[in-house]
Structure formats: C-alpha cells, structure tokens
Amino acid sequence: MEAPPEAFYEALLAWYARNAPDLPWRRARDPYQVWLAEVMLQQTQVATVLPYYERFLSAFPTVQALAEAPLERVLKLWEGLGYYSRARNLHRAAQRLVAEHGGVLPQSAEALRKLAGVGRYTAGAIASIAFGQPAAAVDGNVMRVLARLYDYAVPVQSGEGRRALWQLAERMAQAAPRGAAAAYTQALMDLGREICTPRAPRCEACPVSAFCRARAAGTQAARPVKQPKPPTPHYAVAAALLRDDSGALLMARRPLEGLLGGLWEFPQGRAREDEPLEAALKRALREKLALEIGVGAQLLKVQHAFTHFKIALHVYACQLQGGEPRALGYADWAWIALEASDQLAISRADRRVIAFLKENSARLL
DNA sequence: AACTCGGGGGA
DNA sequence: TCCCCAGAGTT
C-alpha cells in the first residue's frame, strides 16, 4: 500500500483547519502536557478525559511537580479513569526524567519509547504533535481510517494487519507536508472520531471520501475486519464491613501490580466455583489479612463490569472474632472513618458501597 | 501471539 | 446489551 497523493493531505488538513475542536492539550506548547493527554487518552474517550486532564494539570503543572508527588496523590487524581498502571508508569517516568534528563522530554519517538507507559503509538503521537516530527501514530481511530481508505480485509488485530497498517502509516507520515506533522496526526484521529466512525460512518461529510477504496467498493461498514470476542465471565465477590470502637471501617490497599493496583477497598475475595459467599469471605480475610471474622447480614450488592469480566460484589456486615490485621495479600490496611475515605483512591465498585453507607449511615448505626 | 488491565459513551 | 475508545506491558 502506497501513500496517497498530495491532494489527500491538502483535503484532510483543510478539513482539520476548519473543524478541529478546541481541546486543552492542543493549546499546549509544553510537551509534558501533550504527554499527559496522550496517556490519559489511551483507551479512553476525549469527553471522559477532559475533567481529569484539567484537575491533574492543576495539581501537577510540571514534570518536576509530578515527580515529587507521592504515588497516592497521583492515584487519587486518576481515580475513576481506569487502567491505573498508566498513573503508576507516568509517575515513574517523571521521576526518571527528572533524575536523568533534567525533567525534559526527549524529542525522538525512539527515545520517548523508552519511557514507562509510552508505547509505539504514544511515542509517535508526542514526537509528531509536540515536536513536529514525521512520526506515525496508529490508534484505534487511525487503524479504522486506514483500513477503509485501502479497503484492507486482513483482521487489524492480527500480526499481519498491524504490521501492514503501521508500515502504511509510517509512509503516510513521511509523505505529509513539511511542517504539518502535528496537524496531520491529529487530523487523522479527528477524522476517525467524528466522520469515519465505527458504525454508520458519515462518508457524505468526509473530506477524503474521493480517496477511499472502501467507499468506492461499498464495504466501509465491513472495515476494519475484527476477530470475534469470547463471552465475558461473571464472578461473585464478597466484601466485609468491619468497624472498630470509633466506628471506622477496615480498608485494605491492593498490591501495586495487577488489577486496580494500589487502590483501597473493603477487604474482599472472589468465591470459587460452588463456594458459598460467606465461606469465601472468611477465607479471603484469613488469607489476605490473617483475620477470623463472623459474617452477618448482607447489606447490599453492587454490579460492576470490567473489560473482560463482570462481578457481583456482595457486601456483608461482619464482626472481628480473632487476630490482628496483617497485610498478607494486601499492600497495606487501615481503619478509615467514612468521611476520611474521600482522601483515598478507591475503585468504582467500592465507591458505590461508600455512597450507600453515607446514605444509610443513620439507619445502620 | 495471547493475555491482562477500567470505565464510560453511544447506539 | 454490545462495541469501542488517542494502548502498554507481560508472558
């Protein structure tokens, strides 16, 4: 697949000049701000990112400020945005940048790629948007746009599909007009988000429809080709509410790696197949916190969907029967007053439990 | 190459 | 309900 003619770039860039939405990170001349935006935008829609971006940048206006902050504060500002390894990697990369490069980002995609949390896409995006280099940046939007432009029938998630589209994107970035790298990269992504949408693409409004082979063949709805996805499993999880004499609740911090790493939650565990929830809860508290508990009434059930599975979180009022908490399967634990939980980074499901407790505190106490 | 890792927007 | 989103890291 060869790069399109000059007229393609002219049409695309003219459309972008007229239609580019005024996003905060596009006003930014600071590469750190571009970096932050690109990381937040990984697998996350623009509308979702906007408030997080503003809050985060206010709290940490520079690489130095981010590097000096405790990870807990960074995670708190990331709470609800998901994929928390992004926050941990961003923090780690900022600390390395300050320690080894004076807090200044490198300009080449190759050097950027070495930063924690910066992969091929993000490196190309920063290099082109912040530094004006002719680097390719292939995200989900661009993948879709290119597959349609070239009526590409190989599944885009396959190795062959990714290789071919990245190679095409590199050629296209090289062939883009000098000095237009930043506009070109963002124009392609905007086109995918606003015109070349996953379902019902608006071909009649597309500035480059004349160059689109899928449009010509009428196959745009069938591009890109995706592989079928397996069904998502459903798990039952039980959580314990334990109070100390002052009414504070026992909470625990998840290990820094893995799902929801570093976030706080009510002590909980997944039930094995055919395992009663009460038994699973007793086992979880014993294995993760070295506690023996009595399990009382179930207070509520919270449904929560992750990307690859769903859980039903059953929350029980419990009593401490023996032992002193030890963080065996957790990174830490603490007795937390309900109001003080606002200061912690907590996952969505457990936030809903807290909201329930606040609403019903009078009845429950 | 396959698997893991959140949460929400929009149809 | 389902698909998808400015993907990266690990195995």
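Leu 75, not counting residues up to four places away in sequence, touches Tyr 84, Ala 87, Arg 88, Arg 253, Gly 261, Gly 262, Leu 263 and Ala 345. The model in which these contacts are found is a predicted one. Leu 75 has its place in helix H6, which covers residues 71–78, and it counts as buried because its relative accessibility is 1%, where the cut-off for buried is under 20%. One of the residues that Leu 75 touches, Ala 87, lies 12 residues away along the chain, and the C-alpha atoms of the two are separated by 6.3 Å.

A second buried position, this time with a charged side chain, is Arg 283, which is found in helix H14 (residues 277–289). Arg 283 counts as buried because its relative accessibility is 14%. Leaving aside residues up to four places away in sequence, Arg 283 touches Arg 270, Arg 272 and Glu 275.

Arg 270 also has a part in the strand pairing, since Arg 270, in S4, is the bridge partner of Val 237. Strand S1 (residues 234–241) and strand S4 (residues 268–270) pair in the antiparallel sense, over three bridges. S1 is also joined to strand S6 (residues 310–322), and here the two strands run parallel and are linked by eight bridges. Within S6, the residue that stands opposite Tyr 235 is Ile 311.

The aromatic side chains offer another way into the structure, which holds nine aromatic pairs. One of them is formed by Phe 8 and Tyr 9, whose rings are edge-to-face, with 5.4 Å from centre to centre and 85° between the planes. Phe 8 counts as buried because its relative accessibility is 1%, and Tyr 9 likewise counts as buried because its value is 2%. Another pair, Tyr 32 with Trp 35, is also edge-to-face, with the centres 6.3 Å apart and an angle of 75° between the planes. Tyr 32 and Trp 35 are separated by about one helical turn, because they are three residues apart in helix H3 (residues 31–40). Tyr 32 is buried, with a relative accessible area of 1%, and Trp 35 counts as buried at 0% relative accessibility. Returning to Phe 8 and Tyr 9, ring pairs link these two residues with Tyr 184 and Phe 211 into a cluster.

The protein also meets DNA, and strand C may be taken before strand B. Around DNA strand C there are 29 residues, of which Gly 117, Thr 122, Asp 139, Asn 141 and Arg 144 come nearest. By residue class, the surface near DNA strand C divides into 11 nonpolar, nine polar and nine charged residues. Helix H2 (24–27), helix H9 (120–131), helix H10 (140–149) and helix H12 (181–194) each supply at least two residues of this surface. Of the atoms of DNA strand C within 4 Å of the protein, 67% belong to sugar or phosphate, while the rest belong to bases.

Individual polar atoms show both kinds of approach to DNA strand C. On the base side, an N or O atom in the side chain of Trp 25 is 3.4 Å from a base nitrogen of DNA strand C, and a polar side-chain atom of Glu 38 lies 3.0 Å from a base nitrogen of this strand. On the backbone side, a polar side-chain atom of Asp 139 lies 2.4 Å from a sugar or linking oxygen of DNA strand C.

Around DNA strand B there are 21 residues, of which Tyr 83, Leu 260, His 304, Thr 307 and Arg 348 come nearest. The surface near DNA strand B is made up of six nonpolar, 12 polar and three charged residues. Of the atoms of DNA strand B within 4 Å of the protein, 58% belong to sugar or phosphate and the rest to bases. Polar atoms of the protein backbone take part here: a backbone N or O atom of Gln 43 lies 2.9 Å from a base nitrogen of DNA strand B, and a polar backbone atom of Leu 81 is 3.2 Å from a base nitrogen of that strand. Gly 80, for its part, has a backbone N or O atom that lies 3.3 Å from a sugar or linking oxygen of DNA strand B.

How values were computed:
Residues are numbered from 1 along each chain as its sequence is written. Chains are lettered from A and ligands numbered from 1 in the order in which they are written. This is a predicted model: local features need pLDDT of at least 70, side-chain atom pairs count only at pLDDT 80 or more; totals for chains, interfaces and linings use all residues. Side-chain values use heavy atoms; hydrogens and water are left out. A residue is near a molecule or strand if one of its heavy atoms lies within 4 Å of it. A polar contact is a pair of N or O atoms within 3.5 Å; within protein, one must be able to donate a hydrogen and the other to accept it, and residues adjacent in sequence count only if both atoms are side-chain atoms. Helices (H or I, at least four residues) and strands (E, at least two) are DSSP runs, numbered from the N terminus. Buried means under 20% relative accessible area, exposed over 50%, partly exposed in between (1.4 Å probe, protein chains only). Contact means heavy atoms within 4.5 Å. Two strands pair if DSSP finds at least two bridges between them. Rings of Phe, Tyr and Trp (its six-membered ring) pair if their centres lie within 6.5 Å; planes under 30 degrees apart count as stacked, over 60 as edge-to-face and the rest as tilted.
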